[in-house]
Amino acid sequence: MTKKKKPQKHSSQKKTFRGTVQITRSGMSFVIIEGQEKDVMVRQKNLNTALDGDDVLVDVIKQGKNEGRMEGVITEIVKRKKIEFTGTLQVNKGFAFLVPEKGLFMPDIYIPANSMKNAKNGDKAVVRVVAWGEKTRKPVGEIVEVLDASNTNDLAMKEILIESGFPLSFPGEVMKELAQITENIDAEEIKNRKDFRKILTFTIDPVDAKDFDDAISIRKLRGSWYEVGVHIADVSHYVLPDTALDKEADKRATSVYLPDRVLPMLPEKISNELCSLRPHEDKLTFSAVFKMNDKGEIKEHWLGRTAIHSNHRFTYEDVQDIIESGEGPYQDEVLLLNNIAQTLRKQRFENGAINFSSQEVRFQLDENAKPIGIVVKESKEAHQLIEELMLLANRTVAEYVYNIRIGTNQHVPFPYRVHDTPDEEKLKVFSGFARKFGHKLEIDNPDKLARSFNEMLQLAHGKPEQHVLETLGIRTMAKAAYTVDDIGHYGLGFDHYCHFTSPIRRYPDVLVHRVLQQCLTHNIHPDKQMEKKCKHSSEMERKAMDAERAANKYKQVEYMQQYIGEEFDGVVSGVAHFGFWVETVDTKCEGLVSIHNMSTKDEFKYDENEYALIGMFTGKKIRIGDKVRIQVVAANLVKRQLDYDLIEEDGGEPGPFRKPARKPAATDKPGRKSAAADRKETKTKGKKKDTSDKKKPASAKRQASSSRKKP
């Protein structure tokens, strides 16, 4: 009897948590639980088909001694991180297995004969898991695509997308549904909209843009007033709730922009044809229209569905030429809009927005997608013209919906784009660091903080500390996210903000359009799942950024392979206890310098308050923002890693033109402690806290260069 009572007592104390599975390189598994310091260890036999990155429920079966780590068993897979995998096929008579890439800790996937698609033994392939065996608990899959192993770039980009959880193709039911959508715009539909087709309208986009989801219209009114329209592709007219198209868009949540391709959220028929605001075509749009003067003062605004006809397609370069020269197509309208945008921009910073500047890169690719050059992109007035008008539309829509009430004075569930105030602890450390350069931050008052941040950035502009203060300043900020809880957008200085302007590439914008239309027609159907959708979109946004970073890193390594043994000027962009990252000045390619490979006899210790490695014997500092000279010693394309050596002067002090003692090599060699080994040492068992401010390189904060990121 006593044996039966013990499990009853144990089960009454059972704790269940929801978290994310993390499998280390050694194969150890843990469930990371948000808001809880200690994770839950899970033995392989208790994973119950869970894979790295899956969202799961875990029951605690053993409490850790002396507040140590708990042990658990996974009872439910809430959401798979991904269902498609790449690997090598082993084909037998009547069936096959996909052997996933090493290090994934993923069992081989069984593929029955009717799902093999004439694949051959040894082929690289993408396989979608469709079921898990009842008795074997092994995955069963179908071949989605056989990959061309000779095209290493294409293979690498597809593997990055799949690893991040993005499917490469659209399901058959989505394509069937898409085929039923007509391209013709019904005359009755236009009658139900405000007609802007005879008003001057144009688009401004990157030169290589494939889709145009926003346009600007302008016309002169009486007196000193103008009508400025911000017109956004009406995706919600074509993508209806609960359809296969809608469910797939919700699942993907975002388009993914890699250096050589775009993986769209919506099929190309919608993103590049039906909803793309191409010149000289009638299009359906959702618009925010403002009556304003040339000083940007707004008298009134209107929100609603419209029809437009774009007269001209500008690139950013076209518009910048007009701004600088004063000449070009529709020059008067372009110059007027630019003046308005610059006024709005100035007002925004005066009202508390933080003026962070960030540099992005664009890869110049040959016909085989191999990088032959890297160009640092600049944000010029042409970009700011579009940015300010989009910000105005986004803010106006959010304010309108916020002021709508339903039921007993309840807010409408709505996907706000929010940005919280900075983390206090990070802010204190950064404030102390900025003080060393003579800058004082008003950290006790959020409004004064933003103003003092801008003053600091302005005073530091062009000085040696500019890069380090901008980099570390961004790291003190919270991450923007989607939620129904409208706490405002601190970085932009807005009390209310949402994403309204890019529904072709962001699912929250589609949701914004739907809710806005319900509010305008007084026919509101509150979505009880809105917060869940917001959280999912935030998660997928982060995954897309991870994929974009990985692809950019791949291209950086591919580009730097030709420069093994050569020296470059760089800036320290990140510091950890095992070394520091350096970003080359001209091309922004980032690599790791291991302290084990520095010729100095000094021992270095990481000081988080200084954001620096400090020599224990000499007091020498290597900190973020320092200018250094490096040599490229290894470029590992498989691992997407660059290793650099610091060029040091005699005596071990960093200097510009001294050669290192070691001979550079394209790959790690015996006897040399590689930077990769140093990275691996940091993967201590069970330590899963976010140490991104200490370990992540600066380029991990940037988004992919080729993405068309409007507000």
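**Glu324 and the negative patch**

I looked up Glu324 first and found it exposed, at a relative accessible area of 56%. The model I am reading is a predicted one. I placed Glu324 in helix α8. I then checked what carries charge around this residue. Glu324 belongs to a surface patch of negative charge, together with Glu317, Asp318, Asp321 and Glu381. I asked which element gives the most to this patch. It is helix α8, residues 316-325, with 4 residues.

**Gln342**

I went on to Gln342, which sits in helix α9, residues 331-350. I noted a relative accessible area of 25% for Gln342, so I entered it as partly exposed. Setting aside neighbours within four places in sequence, I found Gln342 in contact with Glu381 and Gln384. Glu381 is also one of the residues of the negative patch. I also took the C-alpha to C-alpha distance from Gln342 to Glu388, which is 7.9 Å, although the two are 46 residues apart in sequence.

**Helix α13**

Is helix α13 largely enclosed or open? I counted 9 of its 11 residues (466-476) as buried, so I wrote the helix down as largely enclosed by the rest of the structure. The buried residues of α13 include Val468, Leu469 and Leu472. Charged side chains are also on that list, among them Glu470 and Arg475.

**Salt bridges**

My search of the whole structure returned 39 salt bridges. The general point I kept in mind is that side chains of opposite charge can pair when their charged atoms come close. I wrote up three pairs and one network.

Arg197 pairs with Asp282, with 3.1 Å between the closest N and O atoms. This pair links distant parts of the chain, 85 residues apart: Arg197 is in the loop between β11 (194-195) and β12 (201-205), and Asp282 is in strand β17, residues 282-292. Both ends came out as partly exposed, with a relative accessible area of 29% for Arg197 and 34% for Asp282.

Glu281 forms a salt bridge with Arg278, at 3.2 Å from N to O. I again found partly exposed residues at both ends, Glu281 at 26% and Arg278 at 28% relative accessible area.

For Glu610 and Arg623 I read 3.9 Å between the closest N and O atoms of their salt bridge. Where do the two residues lie? Glu610 is in the loop between β29 (604-607) and β30 (612-615), and Arg623 is in strand β31 (residues 621-623), so the pair ties together parts 13 residues apart in sequence. I entered Glu610 as buried because its relative accessible area is 11%, and the cut-off for buried is under 20%.

The network I recorded joins Glu145, Asp154, Lys158, Asp260 and Arg261 through salt bridges.

**Whole chain**

I closed with the totals. I counted 17 helices and 33 strands in the chain. Of its 711 residues, 51% count as buried. I got an accessible surface of about 34900 Å² for the chain, with 47% of it belonging to carbon and sulfur atoms. How much of the contact count comes from residues 24 or more positions apart? Among contacts with a separation of 6 or more, such residues account for 67%.

Notes
Residues numbered from 1 in each chain as written. Predicted model: local features only at pLDDT ≥ 70, side-chain atom pairs only at ≥ 80, totals over all residues. Heavy atoms only, no water. Buried < 20%, exposed > 50% of the residue type's maximum accessible area, 1.4 Å probe, protein only. Contact = heavy atoms within 4.5 Å. Areas by Shrake-Rupley, 256 points an atom, 1.4 Å probe, with all protein chains shown as cover. Patch = residues over 30% accessible without salt bridge, like charges linked within 9 Å, V, L, I, M, F, W, Y side chains within 5 Å. Salt bridge = Lys/Arg side-chain N within 4 Å of Asp/Glu carboxyl O. Charge placed at Lys NZ, Arg CZ, Asp CG, Glu CD.
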